[in-house]
Amino acid sequence: MLRELRVWNFAVVEEATLELGPGLTVLSGETGAGKSVLIEALALLVGGRPSADAIRAGAATAAVEGRFEADGAGAAAFCGEAGFDLEDGWLILRRELRRAGRNRAWINGSPSTTGMLRNLGARLMDLHGQHEHQRLLDRKNQLLLLDAHGRHEALAARVRKAFADVRALSLQVNEARAREREGIERADYLRFKRDEIAAAELVAGEEDALAVEERRLAHSEELIALASTLYRRLYDSDESVVDQLGDMGGQLARLASIDPEAARFGELGESALRNLEEVGRGLAGYRDLIEHDPQRLDEIRARMDVLSRLKRKYGGSVQDVIRTGEEARRELESIEGAGDEVARLEELRGAAVRKLERLASDLSVRRRAAAGALADEVTASLPGLGMPGGRMEVSLPELGEIAAHGAEGVDFLVSLNPGFPPAPLRRIASGGEMSRLMLAIETALIKVDPLPVLVFDEVDAGVGGEVSHRVAARLVGLSSAHQVLVVTHLPQVAAQADMHYSLDKVADEASGKARTRVRPLTKEERVVEVARMLGGNPDSEKSRAHAEELLSHSLAG
């Protein structure tokens, strides 16, 4: 709800403050007093484009500020998403125009773009008349309101969810197909790598064992000769070291018999003899095990060449090569299974598409019923609003393919003259007819339209008599669910207001410039203003009596 509107140096308004409440608020005054200027200020506040003469003559800047109660879920959700803090449930929108420099906008004191202001404003207010951002001219909003009127928003939400599921699965199918195509191109290389490594039958650590064996075979003759020589000298000759130590044993025993302190030398000599005997016997066995096998040496060297080649191609060690082969095998298995994954995902997508088609079909049926009901309801109300030949239709053109919002678009069509085919709302030229048509549509949507504030300009243009009372009654009915602001020349409408503001032009004695004065009317002043609007002399008792009678029958009070 709009609680306060403040305007500075905007067109003919030097400064004005309007304190607003719920229900119906009326703005009245003589032609040219500046009533529509306040509507233009509201349009600017919610993201509209300023006119060339928006800044008051002689002023450098103009500003409009509105203080709203954020009583709609849409506004609160927008602020949460956009990062604007709600100040105890209040929203303060401000727009400033400059002759030099860029225009500026704020939401709750934080700088904002005009686009963000427009998005937030669409959740707060709608202006009906000849204004650029009338919500009901937008097909997307028409569709949302039609779904709300038909009470099938939940079904529409399920269609959006099903559409999102289909898109997500389509993306997964495309990705799986791309992987499959890439895999087919890569499979031959992976298969060759896997098979080449597998054929080598690699064993972790074998390269170290092969290096030892290769060195032994390469030096086999030298090893045999060395082992034989050492064996003879230590163990198997007349003058062997073992025989010589044996002979020395008696001498060491004699030494110990004379001097017990020398006994330890005999023990050491005996130990050395046993060790040398073991070395000699070991050398004989070692010599007998060494093979001189040129063929085996060639085999080992060939194997080592294989390992070296694989390491150069696939890794720094045999273990790295083995790991590379395993990775190639797993990747190849993944590629070979990609076709199965594509088939699985396509099956899931097919099921999701069938679900989307079923839900969209159900939604189409519900929308056709709601379209007929809404069109009939609005058409039935048009004669009472001064459009006796008017009729409304709701067109639901098929899209050819299902979109997020369903299988059809929507267009509110209207014909205000018998014999003329219905045309889209946005082609209606008359501001008054547009406002009354919007009044009829808003009345039909009163129970489902969440927008807090509705503004009507020129709603009474070209009407009078009994139609004036009907327009007033519709506005009062609408104000039971919305805050309604109306610019009017009709006393029948003014008499129904919960709040009544009057606008008139006065001359500024200091500057000599005309300015618009905006003031709330007291009960007595309302009598005078309604008498003026009735066309009589506001000072005559007869005119005042007529005005008082009209006010006494106020539906708003």
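Helices here are DSSP runs (H or I) of at least four residues, numbered from the N terminus. The model shown in these close-ups is predicted.

**View A. Helix α16 and the glycine that follows.** Helix α16 spans residues 523-533, and its buried residues are Arg526, Val527, Glu529, Val530, Ala531 and Met533. These buried residues pack against two strands, β3 (24-29) and β16 (499-507), and against two helices, α15 (491-494) and α17 (541-552). Glycine 535, which comes after α16, has a positive phi near 95 degrees.

**View B. Packing of helices α7 and α9.** The axes of α7 (residues 220-234) and α9 (residues 263-289) lie 9 Å apart, at an angle of about 150 degrees. Because angles over 145 degrees count as roughly antiparallel, α7 is described as roughly antiparallel to α9. Their crossing is left-handed. From α7, the contact involves Leu223, Ile224, Ala227, Ser228, Leu230, Tyr231 and Leu234; α9 contributes Leu276, Val279, Gly280, Leu283, Ala284, Tyr286 and Arg287. Sorted by class, 11 of the contact residues are nonpolar, two are polar and one is charged.

**View C. The largest nonpolar core, with isoleucine 441.** This core holds 56 residues, and Val378, Val394, Ile441, Phe456 and Leu475 have the most contacts inside it. Helix α13 (residues 431-444) gives the most to the core, seven residues. Apart from neighbours within four places in sequence, isoleucine 441 is in contact with Leu136, Val378, Met392, Phe412 and Leu425.

**View D. The second nonpolar core.** A separate core is made up of 46 residues, among them Leu20, Val37, Ala75 and Leu117.

Methods:
Residues are numbered from 1 along each chain as its sequence is written. This is a predicted model: local features need pLDDT of at least 70, side-chain atom pairs count only at pLDDT 80 or more; totals for chains, interfaces and linings use all residues. Side-chain values use heavy atoms; hydrogens and water are left out. Axes are lines fitted to C-alpha atoms, for helices over the stretch in contact, and angles run from 0 to 180 degrees between N-to-C directions. Angles under 35 degrees count as roughly parallel, over 145 as roughly antiparallel, 65 to 115 as roughly perpendicular and the rest as oblique. A crossing is left-handed if the near helix is turned anticlockwise from the far one by less than a right angle, and right-handed if clockwise. Contact means heavy atoms within 4.5 Å. Ala, Val, Leu, Ile, Met, Phe, Trp, Tyr, Cys and Pro count as nonpolar, Asp, Glu, Lys and Arg as charged, and the others, Gly among them, as polar. A nonpolar core is a set of buried Ala, Val, Leu, Ile, Met, Phe, Trp, Tyr and Cys residues joined through side-chain atoms within 4.5 Å. Buried means under 20% relative accessible area, exposed over 50%, partly exposed in between (1.4 Å probe, protein chains only).
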